[in-house]
Every structure is written in C-alpha cells, then in structure tokens.
Amino acid sequence: MTVDALTDVAGVRVGHATRIGAGWLTGTTVVLAPEGGAVAAVDVRGGGPGTKETDALDPRNLVQKVDAIVLTGGSAYGLDSASGVMAWLEEQRRGVRVGTDPAHVVPVVPTACVFDLGRGGDFSARPDASTGRAAVEAAAESGSGARVPEGCVGAGAGAAVGALKGGVGSASVVLESGITVAALVVANAAGSAMDPETGVLYGELFQGRVNYPEARVHAAARRRLTDIAAANGRPPLNTTLAVVATDADLSKAQAQKLAGTAHDGIARAVRPVHLLNDGDTVFALATGARPLRPLDAENLLALNEILAAGADVVTRAIVRAVRAAESVDGPGGVWPSYAELYGRA
C-alpha cells in the first residue's frame with residue numbers, strides 16, 4: 001500500500017518539528033535515510049542559496065552515502081538545526097567511519113534553508129539544534145511507509161508562495177519497472193504558483209487536471225491578494241526546496257542528474273524560479289534496493305524514466321503543498337491559503 005509520499009521509498013522516513021505562536025512561525029523537516037545510508041546528490045539552481053555540506057555530495061568527492069537531509073526555516077540561522085541531527089546520528093553510531101571504534105563517526109548532514117524570518121512576528125524566532133533533534137526523532141519514531149503531514153508543518157510552517165501561504169507537500173509514483181520515485185518539497189517562493197488570468201495552479205495546468213474557478217471567485221481572490229501584497233510590503237525571498245528519492249540503484253553521478261532534472265518540476269509549478277535571490281535546491285537520494293546497472297541501452301531507458309518521474313513528482317508535491325496550506329493572519333503578515341480563496345475542489 002502506498003501513501004503518495006516520500007515514504008513510499010522503502011526505509012525513508014520523514015519527521016517535522018514545528019513552532020507556531022508567540023512570535024514563532026517556522027520549523028524543520030528531516031528526511032532520514034535507511035540504516036546504512038543512501039547515495040545522495042544535490043543540484044543548486046538558485047542564486048542565493050543557504051546550504052551546508054552540499055560540497056560533500058559532489059560525485060568527485062569522498063562521501064558516497066548520507067544518513068539524513070535537513071530542510072529548515074530560519075534562513076541561514078536555521079542551518080544550526082543540522083547540529084541537533086548530527087548529535088542524534090552520532091548517538092546511533094551512524095555516519096562516516098573515521099576510526100576502528102564504531103563510535104567514531106562523522107555524520108554528514110546536507111542542509112538547506114528557506115527564508116521565513118519574522119513571519120511569526122519575532123525575527124529572532126528560528127530553528128536551532130533542538131529543533132533539528134526533535135525533527136529527526138520524529139522521523140525515527142514514525143513507522144515504515146507512514147503518511148507525511150503536509151501544509152504548514154516543519155520547514156513549511158512559515159512558507160509563502162507569493163501572496164499565498166506555502167508549505168510542505170509530497171508525492172510518489174511507482175513506475176512500470178517497479179521502481180518508486182517520490183518527492184518532498186518546501187514551497188516558499190517570491191514567484192507565483194497560480195495563473196493570474198484564471199486562478200488555476202500552474203502545476204495543475206501541467207498535469208491536465210484543470211478545474212477553472214468561477215470568474216467572480218477569481219476576481220474576488222485577485223482583489224484580496226493585491227491588497228494583502230501591498231499590506232505585507234516587499235515580497236518574500238524565494239526558495240523552493242525538494243528531496244527526490246528512489247529505490248533504484250543509482251551512482252552519485254546519476255543521482256546528481258536526477259536532482260538536476262527534478263528542477264524542471266519546480267519550473268512547471270512556480271514562476272519565476274532560479275533568480276538571483278532564489279535559493280532553489282534539490283537533493284536526490286537513492287537507496288539502491290532495485291538494481292539498475294550496468295547502464296546498457298535498456299537500462300538507459302529505465303534511468304530516463306526515473307529522471308522524468310522525478311520532475312513530475314516535484315510538480316505534484318508543490319501543488320499539494322499549496323493546497324494543503326492553511327491561512328495565516330498574524331503579527332508577521334497575512335497569507336491566505338489557496339483553499340480559502342478558491343475552495344478545496
């Protein structure tokens with residue numbers, strides 16, 4: 001049984017730590033790999049990313065597998081949440097072995113952040129090591145194949161997509177080969193997820209699942225969004241983060257290609273993307289449960305199907321993030337949800 005989420009890749013778990021209220025509107029999300037880790041890669045397309053340990057994922061470098069990936073709010077301050085994840089992994093003796101003693105490990109925890117500073121009203125309210133630890137503990141405690149909470153949770157708690165509330169979304173697909181490809185996103189963009197002429201989500205236009213809002217509903221939504229954008233002041237800084245995972249046996253170079261093509265899924269669902277103030281970053285994880293190599297002509301076709309599916313599930317995950325989000329009206333600003341403006345149909 002699948003749950004249409006990142007956790008459909010066997011062994012992959014997701015945990016959120018969320019802080020809302022009393023000046024807070026932020027959080028951290030941890031993707032925990034199976035025991036033994038997973039091959040990992042990254043592709044950064046934004047001109048203003050906030051990241052940690054991404055150089056370790058270069059196919060030319062030593063580290064082959066990682067045990068966790070952290071997505072966090074708090075802009076660059078929030079990168080501190082990775083310290084809590086590292087501490088937990090060290091206690092579990094998970095990481096790169098650096099000595100004969102099994103306890104001598106160095107966990108490599110790639111991390112990326114979104115900008116949500118001040119959205120709860122307090123600029124200094126941001127994730128730290130304790131938030132990261134809470135998120136990885138939640139991931140570890142979740143069951144195999146557990147449903148992934150979506151919307152205003154974890155790193156998506158303070159997310160916004162233009163004048164709309166953003167959040168976390170997830171999606172998966174099982175290919176004819178039996179290989180699973182799945183994604184988890186944090187949708188937090190200065191660009192829009194919605195066609196301004198019709199109110200339809202760009203990602204749904206791509207999917208061909210179009211339910212056009214009534215003209216009067218869309219006109220009212222546009223007026224409200226215009227007023228809110230003016231009241232909120234300058235638009236939010238733009239960062240969409242994603243983790244794309246598969247159970248295929250990919251090399252680091254192949255995983256990096258998967259991370260790169262998955263950016264197409266962002267471009268289909270959010271406009272504009274990949275600008276100078278963006279931090280758009282996609283990680284890829286491959287658990288290796290299903291063999292794919294050697295890369296002959298038949299397996300090349302299989303790899304292409306995985307690459308295409310990675311982009312598709314990212315698009316769907318962004319749609320789900322926007323649709324699952326709940327409205328926020330607080331001291332840090334007002335962000336109505338898409339569901340409030342247009343309904344959940």
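Q: How many of the nine residues of strand 13 are buried?
A: Strand 13 is largely enclosed by the rest of the structure; strands here are DSSP runs of E with at least two residues, helices are runs of H or I with at least four, and both are numbered from the N terminus. The model is predicted: local features need pLDDT of at least 70, side-chain atom pairs count only at pLDDT 80 or more, and totals for chains, interfaces and linings use all residues. Residues are numbered from 1 along each chain as its sequence is written, and side-chain values use heavy atoms, with hydrogens and water left out. With buried meaning under 20% relative accessible area, exposed over 50% and partly exposed in between (1.4 Å probe, protein chains only), the count for strand 13 is nine of nine.

Q: Which residues of strand 13 are on the side opposite Thr180, Ala182, Leu184, Val186 and Asn188?
A: In a regular strand the side chains alternate between the two faces of the sheet. Both faces of strand 13 are covered. Across from the side that holds Thr180 are the buried residues Val181, Ala183, Val185 and Ala187.

Q: Which residue of strand 13 stands opposite Val173?
A: Strand 12 and strand 13 run antiparallel and are joined by eight bridges, where pairing requires that DSSP finds at least two bridges between the strands. They form a hairpin with five residues between them, and Gly178 in the turn has a positive phi of about 95°. Opposite Val173 stands Val181.

Q: Which residue of strand 14 stands opposite Ala187?
A: Strand 13 (residues 180–188) also pairs with strand 14 (residues 239–248), over eight bridges in the antiparallel sense. Ala187 has as its opposite residue in strand 14 Thr240.

Q: Which strands stand at the edges of the six-stranded sheet?
A: The sheet is open, its pairing is mixed, and its strand order is 5-3-15-14-13-12. An edge strand has a single partner strand, so one side of it is left without a neighbour in the sheet. The two in that position are strand 5 (65–66) and strand 12 (167–174).

Q: At about what angle does helix 5 run to strand 3?
A: Helix 5 (residues 252–269) lies across strand 3 (38–44), strand 14 and strand 15 (281–290). Axes are lines fitted to C-alpha atoms, for helices over the stretch in contact, and angles run from 0 to 180 degrees between N-to-C directions. Helix 5 runs to strand 3 at about 45°.

Q: Which element gives the most residues to the largest nonpolar core?
A: A nonpolar core is a set of buried Ala, Val, Leu, Ile, Met, Phe, Trp, Tyr and Cys residues joined through side-chain atoms within 4.5 Å. The largest one has 49 residues, and Val181, Val244, Leu250, Ile306, Val314 and Ile318 touch the most other members. Elements that give two or more residues include strand 3, strand 13, helix 4 (215–232) and helix 7 (338–342). The most, 12 residues, comes from helix 6.

Q: How many residues are in the second, separate core?
A: Leu250 touches Val39, Ala255, Leu258, Ala286, Leu292, Leu303 and Ile306, leaving out residues up to four places away in sequence; contact means heavy atoms within 4.5 Å. Val14, Val42, Val63 and Val148 are included in the second core, and its number of residues is 32.

Q: Which residue of strand 6 is the bridge partner of Val30?
A: Five of the five residues of strand 6 (residues 68–72) are buried, so this strand is largely enclosed by the rest of the structure. Strand 6 pairs with strand 9 (residues 111–113) in the parallel sense over three bridges, with Leu71 opposite Ala112. Strand 2 and strand 6 pair in the antiparallel sense over five bridges, and the partner of Val30 is Val70.

Q: Within what arc do the buried residues of helix 2 fall?
A: Helix 2 (residues 129–141) has 13 residues; those that are buried are Thr131, Gly132, Ala135, Val136 and Ala139. They line one face of the helix and pack against strand 1 (13–21), strand 2 (24–32) and helix 1 (81–91). The face turned away carries the exposed residues Ser130 and Glu141. Taken over directions from the helix axis to the C-beta atoms, the arc of the buried residues is 130°.

Q: How far apart in space are Trp24 and Pro127?
A: Trp24 is found in strand 2. Not counting residues up to four places away in sequence, Trp24 touches Arg19, Gly120, Ala125, Arg126 and Pro127. Trp24 and Pro127 are 103 residues apart in sequence, while their distance in space, C-alpha to C-alpha, is 9.6 Å.

Q: Does Glu204 count as buried or exposed?
A: Glu204 is in helix 3 (residues 202–207). Beyond its neighbours within four places in sequence, Glu204 is in contact with Arg209, Val210, Val319 and Arg323. Its relative accessibility is 11%, so Glu204 counts as buried.

Methods:
The expected span of a helix is 1.5 Å times one less than its number of residues.
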